[in-house]
Amino acid sequence: MMASEYLEQIGAVATLGASGGGGFFAVKWFAEWIAGRLDKREQRLDDSAAKLIAGLEQRIETLTARLDTVERLLADCQKQHAKAEAEVMKLTAIVESKGIINQKAQAIVAADRLAQAQGDL
C-alpha cells in the first residue's frame, strides 16, 4: 500500500507541477501579450509624435523664412522713410527760406517806395 500512496503523491505532485507550469505559461503569455499591445501603442504614439515634430519643424522653417523676408522689407522701408524724412526737411527749409526771402523782398520794396515817397515830397 505504500507504493500506491507514493504513486498517488507522485501523481498529485505531477498534476500540481503541470498545473503550475500551465498557469505560469498562461500568465507569461498574457504578460507578453499585454507588453506587445503596449509596445504597439507606444510605437503609434512615437510615430505620431515624430510626425508632429517634423510638421512643427517644417512650420518653423517656413515662418523663419517669412520672418527673414519681412525683416528685409522692413529694413528697406526704414531706409526709404529716412530718405523721405530728409527730403521733407530739405523742402521745409526751402519753403521757409522762400518765405524769408519774400519778406526781405517786401521790406526792400517798401523801403524803396518810402524813399521815393520822401524824395517826391
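Phe-30 sits in helix α1, which covers residues 2–120. Keep in mind that this is a predicted model. Helix α1 has no company: the chain has one helix and zero strands.

How does that look from the solvent side? Of the 121 residues in the chain, buried ones make up 0%. The accessible surface of the chain adds up to about 11000 Å², and carbon and sulfur atoms account for 65% of that.

Back to Phe-30: its relative accessibility is 48%, so it counts as partly exposed, a class that runs from 20% up to 50%. Phe-30 belongs to a nonpolar surface patch together with Phe-25, Trp-29, Trp-33 and Ile-34. Taken together, these residues offer about 580 Å² of accessible area.

Then there's the charged side of the story. Arg-37, Lys-40, Arg-41 and Arg-44 gather on the surface as a patch of positive charge. Arg-37 is also part of helix α1. Arg-37 counts as exposed because its relative accessible area is 51%, and the cut-off is over 50%.

Here are the two residues, one from each patch:

| Residue | Relative accessible area | Class |
|---|---|---|
| Phe-30 | 48% | partly exposed |
| Arg-37 | 51% | exposed |

Conventions. Residues numbered from 1 in each chain as written. Predicted model: local features only at pLDDT ≥ 70, side-chain atom pairs only at ≥ 80, totals over all residues. Heavy atoms only, no water. Patch = residues over 30% accessible without salt bridge, like charges linked within 9 Å, V, L, I, M, F, W, Y side chains within 5 Å. Areas by Shrake-Rupley, 256 points an atom, 1.4 Å probe, with all protein chains shown as cover. Salt bridge = Lys/Arg side-chain N within 4 Å of Asp/Glu carboxyl O. Helix = DSSP H or I, 4+ residues; strand = E, 2+ residues; numbered from the N terminus. Buried < 20%, exposed > 50% of the residue type's maximum accessible area, 1.4 Å probe, protein only. Lys, Arg positive; Asp, Glu negative; His and termini not counted. Charge placed at Lys NZ, Arg CZ, Asp CG, Glu CD.
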